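I opened this notebook to keep track of what I looked up in one structure. The entries cover sheets, helices and enclosed space.

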Amino acid sequence: MSARLLTHLRHVDLAVPDYDKQLDFYAGVWGLTEVAEDSGISFLAAEGSPEQYVVRLRKAEEKRLDLVSYGAATPADVDTLAERLLSGGVQLITRPGTVDTPGGGYGFRFFDVDGRTIEVSADVAVRQHRKIEEKESIPVKLSHVVLNSPDLDRTRAWYETHLGFRLSDTLSSPHMGEVMHFMRISDQHHSMALAKGPHASLHHVSFELRGIDEYMRGSGRVIRAGFQKIWGPGRHMAGDNTFTYFLDPHGNTVEYTTELECLDEDTWHPHVYDFSQPEVTDQWGTANPMNELVAKESFNDPDRGCFVAPPV
């Protein structure tokens with residue numbers, strides 16, 4: 001496993017055919033703030049986050065996951081990671097250089113083993129942000145992203161070997177075997193998880209709210225606005241975080257969460273949880289049961305952007 005050079009998750013970029021409808025959702029009921037726009041591309045920030053933006057939307061003919069972006073501490077770390085990836089046979093899309101998006105910075109892009117575009121950057125300007133107040137039910141920050149992979153163990157090994165991710169926990173069942181790996185780059189239980197799926201695609205994007213009350217108020221607001229709730233509210237065992245999952249207008253699964261576990265990395269040992277046990281998927285017992293219909297929604301459409309770099 002490589003020494004860890006990544007620090008945190010920055011943003012997730014989506015391409016969508018119905019750009020206006022998607023923008024209305026994220027900048028409206030979901031509670032993000034549009035901070036920049038340029039001919040069919042919008043940058044959306046979370047009010048409590050120092051990141052310039054946490055979601056980028058791009059108008060396109062086909063729906064796809066454009067990229068997932070991570071932070072590094074310094075430009076030197078960016079250069080070190082790029083050299084490691086090159087020596088490990090990873091295909092770079094760009095070499096390290098100036099990042100031409102809000103906040104600037106220094107970074108580069110490359111393909112992961114499933115063909116997704118990943119970006120790593122440092123020296124991005126800190127956005128002026130604020131404390132989210134009591135009962136203010138909008139996202140504080142981007143929490144984590146979950147990716148579907150047809151070869152779960154291969155993808156896990158790639159992220160461990162090349163990017164220094166470590167395994168926190170695994171979900172398994174007697175009939176399906178291992179179905180999800182929770183992966184971390186800090187003491188946060190996971191900034192990424194990998195799910196077993198029929199194709200490479202986006203499983204879900206998760207947004208952190210201030211606390212339980214704000215999480216419930218936000219979930220209720222999205223329900224009242226008429227958007228499809230597919231699972232929740234409840235509380236997972238792996239990560240100990242709350243969850244309510246919805247579909248955005250283009251069928252991507254998005255989550256409101258809070259209180260994701262922070263662990264002691266020196267003493268932590270990964271668990272294997274049997275997700276066929278109802279208390280594993282939902283400790284509270286308040287969510288609708290996990291079933292094939294819920295799981296199928298999170299498979300999402302096959303991502304046709306694999307091994308095709310998105311426009312800058």
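The entries below follow the order in which I looked things up.

Entry 1, source. I noted at the start that this is a predicted model.

Entry 2, the eight-stranded sheet. I traced the strand order and got β2-β3-β4-β1-β5-β8-β7-β6, an open sheet with mixed pairing. I then looked for the edges and found β2 (33-37) and β6, each of which pairs on one side only.

Entry 3, β1 and β5. I looked up how β1 pairs with strand β5 (residues 64-72): the sense is antiparallel, over eight bridges. For the register I wrote down A15, which stands opposite R64 in β5.

Entry 4, around β7. How much of strand β7 is covered? I found five of the six residues in 106-111 buried, so I logged the strand as mostly covered, with buried meaning under 20% relative accessible area. On one side I have strand β6 (residues 97-98), paired with β7 in the antiparallel sense over two bridges. In that pair T98 stands opposite Y106. I also have β7 pairing with strand β8 (residues 117-122), again in the antiparallel sense, over six bridges. Here I used F108 as the reference, and F108 stands opposite V120 in β8. I checked the connection as well: β7 and β8 form a hairpin with five residues between them. In the turn I noted G115, with a positive phi of about 90°.

Entry 5, helix over this sheet. Which strands does helix α2 lie across? I listed β1, β5, β7 and β8 for this helix (residues 75-87), and its angle to β7 is about 25°.

Entry 6, the nine-stranded sheet. I traced a second open sheet with mixed pairing, in the order β14-β15-β16-β13-β9-β12-β11-β10-β17. I put β14 (229-235) and β17 (271-274) at the edges; each has a single partner strand, so one side of each is left without a neighbour in the sheet. I recorded an average twist of 20° from one strand to the next. For a local register I took strand β15 (residues 242-247) and strand β16 (residues 253-257), which pair in the antiparallel sense over four bridges. T244 stands opposite Y256 in β16.

Entry 7, helices over the nine-stranded sheet. I found helix α3 (residues 152-163) lying across β9 (141-149), β10 (166-173), β11 (177-184) and β12 (192-196), at about 15° to β11. Helix α4 (residues 212-224) I found across β14, β15 and β16, and α4 runs at about 20° to β15.

Entry 8, cavities. How many cavities of 30 Å³ or more are there? I counted two. The largest holds about 70 Å³ of space. Its lining includes R10, H11, E51, Q52, Y53, E119 and S121. I noted that β1 (6-16) and β8 each supply at least two residues of that lining. By class I logged four nonpolar, five polar and three charged residues.

The second largest cavity has a volume of about 30 Å³. I listed L65, G115, R116, T117, D303, G305 and C306 as its lining. By class these are two nonpolar, three polar and two charged residues. I cross-referenced G115 to Entry 4, where I had noted this residue in the turn of the β7-β8 hairpin.

Conventions:
Residues numbered from 1 in each chain as written. Predicted model: local features only at pLDDT ≥ 70, side-chain atom pairs only at ≥ 80, totals over all residues. Heavy atoms only, no water. Buried < 20%, exposed > 50% of the residue type's maximum accessible area, 1.4 Å probe, protein only. Pairing = 2+ DSSP bridges. 1 Å grid on protein atoms, 1.4 Å probe; cavity = no way out; pocket = protein on both sides within 12 Å on 5 of 7 lines; lining within 4 Å. Points joined across faces, edges and corners; volume = space filled by probe spheres on them. Nonpolar A, V, L, I, M, F, W, Y, C, P; charged D, E, K, R; others polar. Contact = heavy atoms within 4.5 Å. Axes fitted to C-alpha atoms, helices over the stretch in contact; angles between N-to-C directions.
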